Amino acid sequence: MTGNNNRGVLFKEHSDYQFIDAKVNSNTLVIGGGIAGIQASLEVANAGYQVYLVEKSGTIGGHMAMFDKTFPTLDCAACILTPKMVEVGQNPNIKLMTLSEVKEVRGAPGNFKVKIEMKTRRVDIATCIGCGICTEKCPARAPSEFDAGISQRKAIYIPFPQAVPNKYLVDKDSCTYFKTGKCRVCEKVCPAGSVKLDDKDSEIEIEVGNIIVATGFKPFDPARAEQFGYGRYKNVLAPLQFERLINASGPTAGQIKMQTQDKKGKWVYSTDGNEPESVAIIHCVGSRDHNYNKHCSRVCCMYSLKFAHLIKEKLPNAEVFEYYIDMRAFGKGYEEFYQRIKEEGVHIIRGRTAKVEEAGNRLKIRSEDILAGKLIEQNVDMVILSAGLEPRENAKNIAGMLDVSSDETGWLTEVNDKSAPFVSNRPGIYLAGTCQGPKDIPDSVAQASAAAAVVLQSIGSGKIKKYVADTTATSL
Ligand code: SF4
Ligand code: SF4
């Protein structure tokens with residue numbers, strides 16, 4: 001039987017879930033160590049239950065660890081995230097497994113058996129004293145993942161200064177020894193005998209009652225939108241690269257600089273570069289575009305406005321141009337932030353950008369201006385492409401392994417987008433953060449806490465909550 005609420009939504013008068021008796025194992029698996037996985041882990045662990053937090057990379061923190069400020073309040077991202085990361089590292093109820101991946105899930109809700117592959121760090125974190133001599137002497141370099149490729153790191157390294165665990169690791173793919181069979185310098189210079197280049201990966205099996213999936217998103221690669229020149233022209237940046245450029249811990253110590261040539265003639269971002277006099281920020285790159293992704297990535301308008309503000313703050317005389325299709329400032333305080341940016345003198349142009357071209361040492365933006373009803377051109381020194389969010393490459397594999405559903409794009413799907421937006425179709429498995437779809441930090445955190453609440457409910461009651469997929473409720 002259905003009724004009608006005052007928002008014009010048909011709803012079922014009966015409950016949309018039931019409880020199944022199960023001997024619920026009180027251990028919980030959280031997959032993914034970004035802000036959503038961190039939040040979910042802390043919620044469950046702080047209630048007194050064991051959490052296994054499995055993270056693919058060498059540290060927790062995810063994309064948020066790369067951000068400078070958060071919108072709309074301009075809080076320091078690290079000041080919010082780092083204490084939570086430290087808490088995860090120190091919480092006796094959280095077993096943190098970095099460089100690890102879930103390979104198999106068997107069993108039933110309440111009693112899952114999970115196989116986890118643990119890649120070796122090739123550094124014994126129990127004995128490493130963190131002296132850094134290995135990194136200093138290592139001859140091999142690779143683009144820094146943490147700086148989104150705009151700086152280099154060594155093959156033996158700590159991902160970033162606040163990494164948790166704050167321990168070194170060897171990247172096999174960039175290590176000279178693994179490529180040529182010669183080197184092992186790090187092993188020779190390590191005063192603690194902690195480098196273990198011959199260590200092998202291992203596998204363990206754990207038992208858990210519930211699983212929270214927080215595997216996050218992949219940033220759209222702007223090189224796919226060839227018309228914007230990313231990867232071909234200097235000073236065309238992806239958003240995470242700009243986040244690192246304006247961050248005090250980035251390669252220019254937070255100064256906004258254009259690329260310059262180093263002693264070997266290589267183009268790099270460094271404090272020696274010139275400041276741009278004009279910057280263009282192009283919205284919706286890879287989003288709301290049938291060539292790439294139909295969906296709106298929900299965060300790009302706001303982080304673009306944040307970038308405009310930070311440029312004006314650091315370079316008050318710089319001209320900043322925002323090219324947008326629609327301004328989606330939908331969250332709490334977002335519209336007010338948009339109005340504030342307009343008052344700061346940013347040129348806000350409504351229209352789709354067609355192309356970025358080289359124009360001597362500068363970059364030419366070819367765009368439409370819908371409100372003025374004409375095509376326009378603008379030369380600038382730097383371009384930031386506000387690329388959207390996509391499901392991770394292996395999102396479909398994760399869905400298959402967990403036996404949960406995903407949509408045609410690859411986002412994991414909730415059983416009901418209104419009454420159970422954090423619940424997968426498989427009882428005992430819950431969704432948190434951007435693995436389910438694009439969302440900002442507050443929404444990711446809220447969803448993670450909601451998922452943790454249902455997990456705690458099941459541990460406390462010894463029952464698994466089974467949601468009924470709602471086929472009758474219809475948004476009008
Ligand atoms: S063995 Fe690899 S990690 Fe160690 S110093 Fe040589 S290149 Fe660097
Ligand atoms: S040299 Fe050895 S003890 Fe020092 S940071 Fe490297 S692995 Fe750790």
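Trainee: Into which domains is the protein divided?
Mentor: The model is predicted, and its protein is divided into domain 1 (2–117 + 203–216 + 392–467), domain 2 (133–200) and domain 3 (219–389). These bounds come from an automatic or database domain assignment.

Trainee: What separates the centres of domain 1 and domain 2, and how many residues of each are in contact?
Mentor: Taken over C-alpha atoms, the two centres lie 31 Å apart. Across the boundary, 14 residues of domain 1 are in contact with nine residues of domain 2. On the side of domain 1 that touches domain 2, eight residues are nonpolar, six are polar and none is charged.

Trainee: How do you know that strand β9 and strand β10 pair?
Mentor: Two strands pair if DSSP finds at least two bridges between them. Strand β9 (residues 100–108) and strand β10 (residues 111–118) are joined by eight bridges in the antiparallel sense, so the criterion of at least two is met. One of the bridges links Ala-108 to Asn-111 in β10. The hairpin of β9 and β10 has two residues between the strands, and Gly-110 takes a positive phi near 95° there.

Trainee: What makes β10 and strand β15 a pair?
Mentor: The cut-off is again at least two bridges. β10 and strand β15 (residues 202–208) have seven, in the antiparallel sense, and therefore count as paired. Met-118 stands opposite Ser-202 in β15.

Trainee: Which residues have the most contacts inside the largest nonpolar core?
Mentor: That core has 133 residues, and Ile-212, Val-213, Val-383, Ala-432 and Ala-451 have the most contacts inside it. Helix α7 (residues 300–314) gives the most to this core, with nine residues. Membership requires a residue to be buried, that is, to have 20 or more other C-beta atoms within 10 Å of its own. Ile-212 belongs to the core, so it meets that burial criterion. Apart from neighbours within four places in sequence, Ile-212 is in contact with Thr-28, Val-30, Ala-40, Tyr-430, Ala-432, Ala-451, Ala-452 and Val-455.

Trainee: Which residues come nearest to ligand 1?
Mentor: Among the 13 residues around ligand 1, the nearest are Cys-138, Cys-175, Tyr-177, Cys-183 and Cys-186. Both α4 (176–180) and α5 (185–189) supply at least two residues of this shell. By class, the shell has eleven nonpolar, one polar and one charged residues.

Trainee: How is the shell around ligand 2 made up, and what classes do its residues divide into?
Mentor: Ten residues of that shell are nonpolar, three are polar and none is charged. Of the 13 residues around ligand 2, Cys-128, Cys-131, Cys-134, Cys-190 and Ala-192 come nearest. Cys and Ala count as nonpolar, so these five nearest residues fall in the nonpolar class.

Trainee: Why is Glu-368 called partly exposed?
Mentor: Glu-368 has 17 other C-beta atoms within 10 Å. Buried requires 20 or more and exposed requires 12 or fewer; 17 falls in between, so Glu-368 is partly exposed. Glu-368 is found in strand β25 (residues 362–369). Its contacts, leaving aside neighbours within four places in sequence, are Gly-351, Arg-352 and Leu-375. The C-alpha atoms of Glu-368 and Ala-354 are separated by 7.7 Å, with the two residues 14 apart along the chain.

Trainee: What makes the peptide bond from Phe-71 to Pro-72 notable, cis or trans?
Mentor: Most peptide bonds are trans. The bond from Phe-71 to Pro-72 is cis, with omega near -5°, and Pro-72 lies in the loop between β6 (69–70) and β7 (75–76). A cis bond also joins Val-164 and Pro-165, where omega is about 0°. Pro-165 sits in the loop between β13 (156–157) and β14 (169–170).

Trainee: What is the phi of Leu-99, positive or negative?
Mentor: Most residues other than glycine have a negative phi. Leu-99 has a positive phi near 50° and is placed in the loop between β8 (94–97) and β9. Arg-288 likewise has a positive value, near 55°, and lies in the loop between β21 (278–285) and α7.

Trainee: Why is Arg-288 counted as partly exposed?
Mentor: Arg-288 has 19 other C-beta atoms within 10 Å; the cut-off for buried is 20 or more, so Arg-288 remains partly exposed. Leu-99, with 18 C-beta neighbours inside 10 Å, is also partly exposed.

Methods:
Residues are numbered from 1 along each chain as its sequence is written. Chains are lettered from A and ligands numbered from 1 in the order in which they are written. This is a predicted model: local features need pLDDT of at least 70, side-chain atom pairs count only at pLDDT 80 or more; totals for chains, interfaces and linings use all residues. Two residues are in contact if their C-beta atoms, placed from the backbone, lie within 7 Å. Helices (H or I, at least four residues) and strands (E, at least two) are DSSP runs, numbered from the N terminus. A nonpolar core is a set of buried Ala, Val, Leu, Ile, Met, Phe, Trp, Tyr and Cys residues joined through C-beta atoms within 7 Å. A residue is near a molecule or strand if its C-beta atom, placed from the backbone, lies within 6 Å of it.
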